[in-house]
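User: Please examine one part of this model closely, from its immediate surroundings outward. Then place that part within the chain as a whole.

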Amino acid sequence: MGEKGTVLFFYPLDFTFVCPTEIQRFNVLYPRFVDLNAEVVGVSTDSRFSHLAWQDRKDLGRLDHPHASDSSHIVSEAYGVLDEEQGIA
């Protein structure tokens, strides 16, 4: 099957009006990524507590792929997606 790939996507903040649409789409496509031997991970600069609270809301729905907290901004900065002025990816 070969090496496992990773699809890392960044989004600005939990509880924003645009992000749920894209994140839900990644969730719908998640089985296809798994079939291609790839893991999907969503990343924002929000805390893990914010992620948990956001996923508890009914409008987001159950997510099958993990989300990571980059509250230190290290990952966002390394990938060149950090807006330093606002402190978000």
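Analyst: S44 is found in strand 2, where strands are DSSP runs of E with at least two residues, helices are runs of H or I with at least four, and both are numbered from the N terminus. The model is a predicted one, in which local features need pLDDT of at least 70 and side-chain atom pairs count only at pLDDT 80 or more, whereas totals for chains, interfaces and linings use all residues. Residues are numbered from 1 along each chain as its sequence is written, and side-chain values use heavy atoms, with hydrogens and water left out.

With a relative accessible area of 0%, S44 is buried; the classes are buried under 20%, exposed over 50% and partly exposed in between, for a 1.4 Å probe and protein chains only. Not counting residues up to four places away in sequence, S44 touches Y11, P12, D14, H51, A68, S69 and D70, contact meaning heavy atoms within 4.5 Å.

D46 lies in the loop between strand 2 (38-44) and helix 2 (48-56). This residue counts as buried because its relative accessible area is 14%. Its contacts, leaving aside neighbours within four places in sequence, are L13, D14, H51, S69 and D70. Thus D14, H51, S69 and D70 are touched by S44 and also by D46.

D14 leads on to W54, whose contacts beyond four places in sequence are Y11, D14, F15, C19, P20, I23 and L60. W54 belongs to the largest nonpolar core, together with F9, Y11, C19, I23, Y30, V40, L60 and L63. Such a core is a set of buried Ala, Val, Leu, Ile, Met, Phe, Trp, Tyr and Cys residues joined through side-chain atoms within 4.5 Å. Helix 1 (residues 19-35) gives the most to this core, with 3 residues. In soluble globular proteins, nonpolar side chains tend to be buried together. Y11 therefore connects two parts of this account: Y11 is a contact of S44 and a member of the core.

Two loop residues deserve attention for their backbone. F15, a contact of W54, sits in the loop between strand 1 (5-10) and helix 1 and has a positive phi of about 65° although it is not a glycine. N37, in the loop between helix 1 and strand 2, also has a positive phi, near 65°. Most residues other than glycine have a negative phi. F15 is partly exposed, at 41% relative accessibility, whereas N37 is buried, at 14%.

On the surface, L8, I74, V75, Y79 and V81 form a nonpolar patch with about 440 Å² of accessible area together. Y79, in the segment after helix 3 (74-78), is exposed because its relative accessible area is 55%.

As a whole, the protein has 3 helices and 3 strands, following the pattern β-α-β-α-β-α along the sequence. Of its 89 residues, 34% count as buried. Among contacts with a separation of 6 or more, 73% join residues 24 or more positions apart. The C-alpha atoms fill a box of roughly 40 × 35 × 20 Å along the principal axes. The radius of gyration of 13 Å agrees with the value near 12 Å for a compact globule of 89 residues; the radius is taken over C-alpha atoms, and the globule rule is 2.2 Å times the number of residues to the power 0.38.

Note on methods. Patches are made of residues with over 30% relative accessible area and no salt bridge: like charges are joined within 9 Å, nonpolar side chains (Val, Leu, Ile, Met, Phe, Trp, Tyr) within 5 Å. Accessible areas come from the Shrake-Rupley method with a 1.4 Å probe; for residues, only the protein chains shown count as cover. A salt bridge is a side-chain nitrogen of Lys or Arg within 4 Å of a carboxyl oxygen of Asp or Glu.
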